[in-house]
Amino acid sequence: VYDEDGGFAWSKVMEREVRGVSFDSSFRAGFIADLTPHLVCGGTSWESGVQVLCAKREGGEEAWSARLPTWSGLTPSASGKSLLISDLLGVKQIYPYNGAERLHAKFKGSGGRSATYALGEDALYFGANRGIPFRLSAYDRETLEERWTVQIDDALEPDYGAVVPGSGVAVVKSGGRLIGVSPKDGSPLWSARIGDVRAPLVASPDAVFVLIRREEGPNRVFELDPKTGKPRGWTKAPDGTLRIGWREGHLLAGSVRTVWSTPSGPR
């Protein structure tokens, strides 16, 4: 942890050697959850569970740490004063001082690798791809109450989606199309065909960016209007671009070894 002037404040070490030779095959993601004003939590999502450590923001004293035997398709994050974690059956809020479960909501269908998750500022979107009809549901992040469930014609792209900050429009992929979904009732607002590709996707308050990889010629980053799905333009992606992101007004593109950014996005 570093202070506002960039000076070192404190650090904590999480022991992960227990994974041994299975580390690479089990590792899914690292995470940090800022539970302002008192705690900050960090950890690792594994194939078979979540390892988490929560510490006091001032001084770094450990408040709670544990290995949770729950598969999480959703990167653990802060939800008010709780830690939000999903499992195969639903989503739950955990009290970060002792690990007690505060709330739990059951999903409509099974989670896991085939499911779709997208996390917005006030809602969690979930879609199971086992069983027909295919459905997309929205849950309130604070209360975990179900807001709505709608039927989707085709299976959703697993572990793929984005939420437009501010408007809460969820962008998912189904049947070769990106679909913009209303946060109020789940009705489709727009669709844009991108074909049978798993194109890296990110949303800013003013645009949806899609990285399209091409066999011939440089890769392209397309910009879509988040209200209509209509393309605004595209730009060449830097060589070797594998992923894109959005942070504080900058579109980011990352390769294995480098990161490129632009303050305005493609036009």
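**Figure 1. Thr 70, a buried residue in a loop.** Start with Thr 70, which counts as buried because its relative accessibility is just 6%, and buried means under 20%. This is a predicted model, so keep that in mind for every view here. If you trace the chain, you find Thr 70 in the loop that runs between β4 (62-68) and β5 (77-79). Which residues does Thr 70 touch, once those up to four places away in sequence are not counted? Ser 48, Gly 49 and Val 50 are among them, and so are Ile 85, Ser 86, Asp 87 and Lys 92. Have a look at Glu 47 too: this residue is 23 residues from Thr 70 along the chain, yet the two C-alpha atoms are separated by 9.0 Å.

**Figure 2. Ala 170 at the start of a strand.** Strand β14 covers residues 170-174, and Ala 170 lies in it. Is Ala 170 buried or exposed? It is buried, with a relative accessible area of 1%. Leave aside the neighbours within four places in sequence, and Ala 170 is in contact with Tyr 125, Ala 162 and Val 163, as well as with Ile 179, Gly 180 and Val 181. For a sense of distance, pick out Ser 204, which sits 34 residues from Ala 170 along the chain, with 12 Å separating their C-alpha atoms.

**Figure 3. Asp 225, a buried residue with a charged side chain.** Here we are in the loop between β19 (220-224) and β20 (231-236), which is where Asp 225 has its place. Asp 225 has a relative accessibility of 19%, and the limit for buried is under 20%, so Asp 225 counts as buried. Which residues is Asp 225 in contact with, leaving aside its neighbours within four places in sequence? They are Trp 190, Lys 230 and Arg 232. Another aspartate to find in this view is Asp 206: it is 19 residues from Asp 225 along the chain, and their C-alpha atoms are 7.2 Å apart.

**Figure 4. Aromatic rings in pairs and in a cluster.** The count of aromatic pairs comes to twelve. One of them is formed by Phe 23 and Phe 27, and this pair is stacked, with 5.9 Å from centre to centre and 5 degrees between the planes. Why call the pair stacked? The angle between the planes is 5 degrees, and planes under 30 degrees apart count as stacked, so the label fits. How exposed are these two side chains? Phe 23 is partly exposed, with a relative accessible area of 25%, and Phe 27 also counts as partly exposed, at 35% relative accessibility. Now move over to Phe 107, Tyr 117, Phe 126 and Tyr 139, which ring pairs link into a cluster.

**Figure 5. A cis peptide bond before Pro 37.** Zoom in on the backbone from Thr 36 to Pro 37, where the peptide bond is cis. Its omega angle is near 10 degrees. Where does Pro 37 lie? You will find Pro 37 in the loop between β1 (27-35) and β2 (39-46).

**Figure 6. Two loop residues with positive phi.** Asp 159 has a phi near 50 degrees, a positive value in a residue other than glycine. Asp 159 lies in the loop between β12 (146-152) and β13 (162-163), and counts as partly exposed at 39% relative accessibility. Glu 248 is not a glycine either, but its phi is positive as well, at about 50 degrees. To find Glu 248, look in the loop between β21 (243-247) and β22 (250-254). Is Glu 248 buried or exposed? Its relative accessible area is 80%, and exposed means over 50%, so Glu 248 is exposed.

**Figure 7. Stepping back to the whole chain.** To place the close-ups, picture a protein chain with one helix and 23 strands. The radius of gyration is 19 Å, close to the 18 Å that the globule rule gives for 267 residues, so the chain is as compact as a globular protein of that length. Along its principal axes, the C-alpha trace spans about 50 × 45 × 40 Å. Of the 267 residues, 47% count as buried. The chain carries 33 positive and 32 negative side chains, and the centres of these two sets lie 4 Å apart.

Note on methods. Residues are numbered from 1 along each chain as its sequence is written. This is a predicted model: local features need pLDDT of at least 70, side-chain atom pairs count only at pLDDT 80 or more; totals for chains, interfaces and linings use all residues. Side-chain values use heavy atoms; hydrogens and water are left out. Helices (H or I, at least four residues) and strands (E, at least two) are DSSP runs, numbered from the N terminus. The radius of gyration is taken over C-alpha atoms; the globule rule is 2.2 Å times the number of residues to the power 0.38. Buried means under 20% relative accessible area, exposed over 50%, partly exposed in between (1.4 Å probe, protein chains only). Lys and Arg count as positive and Asp and Glu as negative; His and the chain ends are not counted. The place of a charge is taken as NZ of Lys, CZ of Arg, CG of Asp or CD of Glu. Rings of Phe, Tyr and Trp (its six-membered ring) pair if their centres lie within 6.5 Å; planes under 30 degrees apart count as stacked, over 60 as edge-to-face and the rest as tilted. Contact means heavy atoms within 4.5 Å.
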